[in-house]
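Biologist: Hi! I'm new to this one, could you walk me through it?
Modeller: Happy to, here it is.

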Amino acid sequence: MKTATLNNGITMPMLGFGVYQIAPEQTEAAVIGALQNGYRLIDTAAAYMNEEAVGRAVKQSGVPRDDVFITTKLWVQDAGEAAAAKALDVSLQKLGLDYVDLYLIHQPYGDIHGAWRTMEAAVKAGKIRAIGVSNFHPDRVADLIAHHDTVPAVNQIELHPFYQRETEVAFHREHGILTQSWASFAEGQNDIFKHPVLSAIAAEHGKSVAQVILRWLNQRGVAVIPKSVTPARVIENAQIFDFELSAQEMAQIAALDTGKSLFFDHRDPERVKWLSGMKIHD
Ligand code: NAP
């Protein structure tokens, strides 16, 4: 497993298993399957409603806790100094863990500065090993850096062949922040698994389009967390360390960038309002 060293010195796998949109009753088996097939990072969130199943799976997998890197995320409703402390304890309790490896602010809204202070304190208290953000555009990252001691270790953002965000990846690199891609496969949009350019590159290496995409991201220094509930795909998605894309192939994929999100812009006022109104608990 290829790993990255985060800006506080801890090690994080460059490939993990995402559990967004996996129903709680399916999550346990899916995570056990991923761990049995070599994944050592699980990406969940309070808002995914499956932290308990992730925790049970880690325990049942037989893989020692310290060998698994667990990420969870703070929802908007809990952004704030006191609310974040409570939300972290709830997540730890649901996961059945004493600590998480990475805790991310899920969305760049609400009292993120209060939340960040709590997260910094929780690192000192041993409840979190590294802290980071998700869906932050560079201005929001810069705001956090300007007002606190801790630079985010990770920014988890939408990133796939149709939305490559090279400037943002470079900005993160400059500041010692690791970029992690969500929706590496664009959740299957644009018929991505049959894309002619990606299919031709895949055929050249005897690999699948999914493997080419994940490899392309890792070669750009971007960590990946593909999701699948299909056991054969879970295995397939982990087999990305035995081939290398050439500079020419990297350039061919770079040409697919549209510079636009396939989901939504986190700066769109309607989205800010919608996500900020989403409650995950009373
Ligand atoms: P994704 O990984 O781009 O796509 C998942 C889809 O691709 C599923 O429909 C899956 O189908 C299919 N798939 C997976 N492997 C495949 C393969 N080898 N061949 C063909 N199809 C394949 O989308 P995502 O789940 O949205 O993103 C990944 C993870 O990122 C999430 O699980 C979550 O942990 C994280 N995420 C974070 C945010 C955020 O705001 N921070 C937002 C979205 C996602 P099956 O499952 O049916 O096999």
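Biologist: How much space lies in the largest cavity?
Modeller: About 80 Å³. Keep in mind that this is a predicted model.

Biologist: And how many cavities of 30 Å³ or more does the structure hold?
Modeller: Just one.

Biologist: Which residues line the largest cavity?
Modeller: The lining is made of Asn135, His137, Glu158, Tyr163, Arg165, Trp182, Ser261, Phe264, Asp265 and His266. By type, three of the lining residues are nonpolar, four are polar and three are charged.

Biologist: Switching to the ligand, where does the ligand sit?
Modeller: You'll find the ligand in the largest pocket.

Biologist: Which residues come nearest to the ligand?
Modeller: There are 27 residues around the ligand, and Asp43, Glu187, Ser228, Thr230 and Arg233 come nearest. That shell divides into 12 nonpolar, nine polar and six charged residues.

Biologist: Which helix gives the most to the shell?
Modeller: That's helix α9, residues 231-238, with three residues in the shell around the ligand.

Biologist: What about polar contacts, say at histidine 106?
Modeller: An N or O atom in the side chain of histidine 106 is 3.5 Å from an oxygen atom of the ligand. Backbone atoms take part too: a backbone N or O atom of alanine 183 lies 3.1 Å from a ligand oxygen, and a polar backbone atom of alanine 186 is 3.5 Å from an oxygen of the ligand.

Biologist: Then how much of the ligand's accessible area does the protein cover?
Modeller: On its own the ligand has 910 Å² of accessible area, and the protein covers 89% of that.

Key
Residues are numbered from 1 along each chain as its sequence is written. This is a predicted model: local features need pLDDT of at least 70, side-chain atom pairs count only at pLDDT 80 or more; totals for chains, interfaces and linings use all residues. Side-chain values use heavy atoms; hydrogens and water are left out. On a 1 Å grid over the protein atoms alone, a cavity is a set of points where a 1.4 Å probe fits but cannot get out, and a pocket is an open set with protein on both sides within 12 Å along at least five of seven lines; lining residues have an atom within 4 Å of a point. Grid points are joined across faces, edges and corners, and a volume is the space filled by probe spheres set on the points. Ala, Val, Leu, Ile, Met, Phe, Trp, Tyr, Cys and Pro count as nonpolar, Asp, Glu, Lys and Arg as charged, and the others, Gly among them, as polar. A residue is near a molecule or strand if one of its heavy atoms lies within 4 Å of it. A polar contact is a pair of N or O atoms within 3.5 Å; within protein, one must be able to donate a hydrogen and the other to accept it, and residues adjacent in sequence count only if both atoms are side-chain atoms. Accessible areas come from the Shrake-Rupley method with a 1.4 Å probe; for residues, only the protein chains shown count as cover. A molecule sits in a cavity or pocket if more than half of its atoms lie within 2 Å of its grid points. Helices (H or I, at least four residues) and strands (E, at least two) are DSSP runs, numbered from the N terminus.
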